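These are my notes from looking through one structure. I wrote down what I looked up, in the order I looked it up.

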Amino acid sequence: MRGDAVRKMIGIGCLLFLLSLGFQTALKEWIAIPTSITVFEGEETTLYQTSQFKGAVPVMSNQPNVAFSLKNEDQGNEVTITGNEGGQTELSMEVAGFPVKHIDVNVLPKIEVIPGGQSIGVKLNTEGVLVVGHHLVQTKEGDESPGEDADILVGDMITRIDGHDIQRMSQVAEYVQAAGEEERALTITIKRDQQSFTKELTPLKAQGEHSYRMGLYIRDSAAGVGTLTFYDPISKKYGALGHVISDVDTKKPIVVHDGQIIRSSVTAIEKGSNGDPGEKLANFSQQRDILGSIEKNSPFGIFGTLAKDSIKNNIHDEEMPVTLSSHVKEGPAKILTVVNGEDVEEFDIEIVSSVPQKQPATKGMVIKVTDPKLLDATGGIVQGMSGSPIIQDGKLIGAVTHVFVNDPTSGYGCHIGWMLQEAGVLDHIQQKAKAS
């Protein structure tokens with residue numbers, strides 16, 4: 001009897017397993033339906049597509065600011081959503097009259113910004129001073145690195161010394177010399193992986209010198225060249241680069257205290273080739289023409305506020321609508337960038353693939369340069385081109401971010417929505433909509 005019961009249980013288990021195989025696709029499709037979605041006024045966006053249970057999961061809503069369209073096809077159902085007016089809505093998806101899933105819908109007013117393309121110089125000041133290496137101090141007793149002995153690592157940020165906030169390298173030398181002359185240890189506060197630690201470090205006097213040293217290489221600033229992606233003419237908020245700025249030695253993102261973007265001029269191009277990405281060579285403006293402040297360094301680029309009322313590219317100087325990642329399609333597009341001097345030019349590219357992202361991610365598109373003039377000048381995508389705005393069908397869709405090392409004609413782009421979010425443009429638009 002017990003054997004029969006076991007065989008029945010095994011049989012039922014196998015049956016349930018076989019039945020479950022038929023529902024795996026449906027389950028994956030169901031899980032893929034977002035719990036929140038953002039749409040722009042007047043734009044139609046696909047909420048979900050399903051090849052299983054056709055017509056079994058209708059979307060129910062009596063909200064006036066959202067409209068739905070249900071398309072029944074042989075392959076399944078496609079539900080699209082159109083935002084009629086700005087506002088927030090909670091939708092219920094129902095099966096046989098029972099709510100089974102809730103979706104938060106945020107309808108934003110139509111967003112328009114001015115695309116960039118200008119070459120910019122970037123100057124960042126770190127939050128504290130960054131440790132980029134160790135070195136030995138030569139003394140009568142031998143060579144030693146006080147910083148390494150104190151367990152201060154490359155990539156650590158020194159934020160305080162003896163209770164004093166540190167922002168510049170010049171401050172460090174003053175405190176180190178004073179502690180050395182007094183023959184005492186320094187109390188150093190460092191930030192490592194978002195955590196703070198306190199270390200004790202005793203400076204050493206270098207043989208044949210009067211100065212005391214920590215045995216650390218430090219840096220308090222960084223500079224480079226990139227491309228402006230967009231700016232909002234109302235709030236003056238801008239976005240550039242499309243990727244985080246990391247320290248050249250530690251390879252870690254730089255924590256920004258402040259900084260500026262400066263007008264720059266491209267003087268030459270080192271063309272890219274397979275295995276060797278090219279580079280724009282540029283000079284900062286002789287007049288140190290500061291275009292704006294840098295307030296954030298994030299995975300999607302640098303962001304801040306312009307110091308000028310407008311910055312022209314002389315190609316698209318009017319406000320241009322932006323679009324969601326779900327509306328980007330494979331096919332032709334344009335980029336704006338500088339390859340000589342300060343003149344912004346428009347070049348042809350191809351959107352090879354695009355992922356309709358529901359969560360922030362930097363690599364949302366694969367792009368390929370197709371313009372013969374740009375290929376001749378640069379070989380494809382080069383360093384310094386990061387941030388070049390990508391335009392498709394008269395809408396700003398994203399920015400160039402990375403080049404493929406083994407194929408400089410191709411690279412990645414990020415969707416513009418994440419950059420707008422990081423810049424605070426979406427928050428500004430929403431606050432404006434609520435006020436009105």
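Before the first entry I needed a cut-off: a residue is called buried when its relative accessible area is under 20%, exposed when that area is over 50%, and partly exposed in between. I also noted that this is a predicted model.

**Entry 1: Ser410**

I started with Ser410, which I found in strand β31, a strand that covers residues 407-415. Is Ser410 buried or exposed? Its relative accessibility is 6%, so Ser410 counts as buried. I then listed what Ser410 is in contact with, leaving aside neighbours within four places in sequence. The list holds Ile367, Lys368, Ile381, Val403 and Phe404.

**Entry 2: the sheet around β31**

Next I looked up where β31 belongs. Six strands form a closed barrel, in the order β26-β27-β28-β31-β30-β29, and their pairing is antiparallel. From one strand to the next, the twist averages 45°. I checked one pair in that barrel: β28, residues 365-369, pairs with β31 in the antiparallel sense over four bridges. Ile367, which I had already listed as a contact of Ser410, has Gly411 of β31 as its bridge partner. I also looked for a helix here. Helix α5 (residues 416-423) packs on the sheet and touches both β30 (395-404) and β31. The direction of α5 makes about 55° with that of β31.

**Entry 3: rings**

How many aromatic pairs does the structure hold? I noted one. The pair is Phe404 with Tyr412; the ring centres are 4.9 Å apart and the planes stand at 75°, so I wrote it down as edge-to-face. The cut-off for that term is planes over 60 degrees apart. Phe404 has a relative accessibility of 25%, so Phe404 counts as partly exposed. Tyr412, at 26%, counts as partly exposed too. I looked up one more ring, that of Phe197. Arg192 lies over the face of Phe197, at 5.3 Å from the ring centre.

**Entry 4: Val344**

I went back to the barrel and took Val344, in strand β27 (residues 344-354). Val344 is buried, because its relative accessible area is 10%. Not counting residues up to four places away in sequence, Val344 touches Gly116, Gly117, Gln118, Asn313, Ile315, Leu336, Thr337 and Val338. I also looked up its distance to Lys312: the two are 32 residues apart in sequence, and their C-alpha atoms are 9.2 Å apart in space.

**Entry 5: Lys123**

My next residue was Lys123, in strand β9, which spans residues 119-134. Its relative accessible area is 29%, so Lys123 is partly exposed. Which residues is Lys123 in contact with, once neighbours within four places in sequence are left aside? I listed Ser221, Ala222, Ala223, Asp258, Gly259, Gln260 and Ile294. For Gln260 I noted the separation as well: 137 residues along the chain, but 5.4 Å between the C-alpha atoms of Lys123 and Gln260.

**Entry 6: the whole protein**

I ended with totals. The protein has six helices and 31 strands. Of its 436 residues, 45% are buried. Among contacts between residues at least 6 apart in sequence, 67% join residues at least 24 apart. The protein exposes about 21800 Å², and carbon and sulfur atoms supply 50% of that area.

Conventions: Residues numbered from 1 in each chain as written. Predicted model: local features only at pLDDT ≥ 70, side-chain atom pairs only at ≥ 80, totals over all residues. Heavy atoms only, no water. Helix = DSSP H or I, 4+ residues; strand = E, 2+ residues; numbered from the N terminus. Buried < 20%, exposed > 50% of the residue type's maximum accessible area, 1.4 Å probe, protein only. Contact = heavy atoms within 4.5 Å. Phe/Tyr/Trp six-rings, centres within 6.5 Å; stacked < 30°, edge-to-face > 60°. Lys NZ or Arg CZ within 6 Å of the ring centre and 35° of its normal. Pairing = 2+ DSSP bridges. Axes fitted to C-alpha atoms, helices over the stretch in contact; angles between N-to-C directions. Areas by Shrake-Rupley, 256 points an atom, 1.4 Å probe, with all protein chains shown as cover.
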